[in-house]
Amino acid sequence: MAKDELWHGIPRKDIPWYPTVDADTCIGCTLCYTTCGRGVYEMQDNKAVPVNAMSCMVGCSTCGTVCPVQAITFPARDLIWKLERENKIFKIVRQEAKEKMAKQDALKARAAAEDAVARLTTRVRFEIAGEFGEKRFLVQMEEAVKEQPYDFINLRLEVPTVQGAMQNTPAFMSFEVTSTEQEDIQGFLPNVRDLIRRNGLTLVSENRL
Ligand code: SF4
Ligand code: SF4
């Protein structure tokens, strides 16, 4: 923590909260050094030294808790409570809490909006089979999306043989239904199924992409 940083409005440099290591007791196990995420400690000659004492988080005493030989001590907690009272930090803390909650609410709202988008169905792949012969199926597809915010894309018609097609041999078709405005297309899907049914074709599969 930089020297001019504040702790709830109080200059951090005015708060004497930091660990003190009794070098004679320290056995150099490095637990405090590896536990502290704020870079307070360095290991020197197999002893823990709080070289960045003012980076210690006010009120934290985790390294003291994990030290197996109780070599780490902190000032009495009354010191912090006295500072809190004298500096009337509660108003500042309440404001900070409000801002934190607003930030969390914004994050939650964003996550909910992203979830809603993820739940949208904007592309579905259909596979159908049957006799396409004289049915002018493509023309009907065109009419179905005319002046609608939907489209059929990646159309593929597989006809086994031309002669077979002339004799009404079943063919296979796949296509995808999409929204031209990235909107949900679920309301349009019944029209597609109806189109398939009306033409006596078989719906082989329908998959959300
Ligand atoms: S009390 Fe917490 S922040 Fe301070 S030195 Fe120990 S582990 Fe790091
Ligand atoms: S946890 Fe205790 S014994 Fe281990 S290095 Fe830190 S001060 Fe020393």
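This report covers the cavity that holds ligand 2 and the strand pairing around E7, in a predicted model.

**Cavity and ligand 2**

Rolling a probe the size of a water molecule over the atoms shows where empty space is left. Across the whole structure, the search returns 1 cavity of 30 Å³ or more. The volume of the largest cavity is about 80 Å³. It is lined by 14 residues, and those closest to its centre are Cys26, Cys29, Cys32, Ala48 and Cys67.

What takes up this space? Ligand 2 does: the space it takes is the largest cavity. The ligand is surrounded by 13 residues. Cys26, Cys29, Thr30, Cys32 and Cys67 are the closest of them.

The table gives the make-up of each set by residue class.

| Set | Nonpolar | Polar | Charged |
|---|---|---|---|
| Shell around ligand 2 | 11 residues | 2 residues | no residues |
| Lining of the largest cavity | 12 residues | 2 residues | no residues |

No charged residue appears in the shell of ligand 2. The cavity lining has no charged residues either.

**Strand pairing around E7**

Strand E7 spans residues 123-130. Which way does E7 run against E9? The two strands pair in the antiparallel sense. E9 covers residues 171-179, and 8 bridges link it to E7. One bridge sets Arg123 against Thr178 in E9.

E7 is also joined to strand E10, residues 202-208. This pair is antiparallel too, with 6 bridges. Here Ile128 lies opposite Leu203 of E10.

Conventions
Residues numbered from 1 in each chain as written. Chains lettered and ligands numbered in written order. Predicted model: local features only at pLDDT ≥ 70, side-chain atom pairs only at ≥ 80, totals over all residues. Heavy atoms only, no water. Near = heavy atom within 4 Å. 1 Å grid on protein atoms, 1.4 Å probe; cavity = no way out; pocket = protein on both sides within 12 Å on 5 of 7 lines; lining within 4 Å. Sits in = over half its atoms within 2 Å of the grid points. Nonpolar A, V, L, I, M, F, W, Y, C, P; charged D, E, K, R; others polar. Pairing = 2+ DSSP bridges. Helix = DSSP H or I, 4+ residues; strand = E, 2+ residues; numbered from the N terminus. Points joined across faces, edges and corners; volume = space filled by probe spheres on them.
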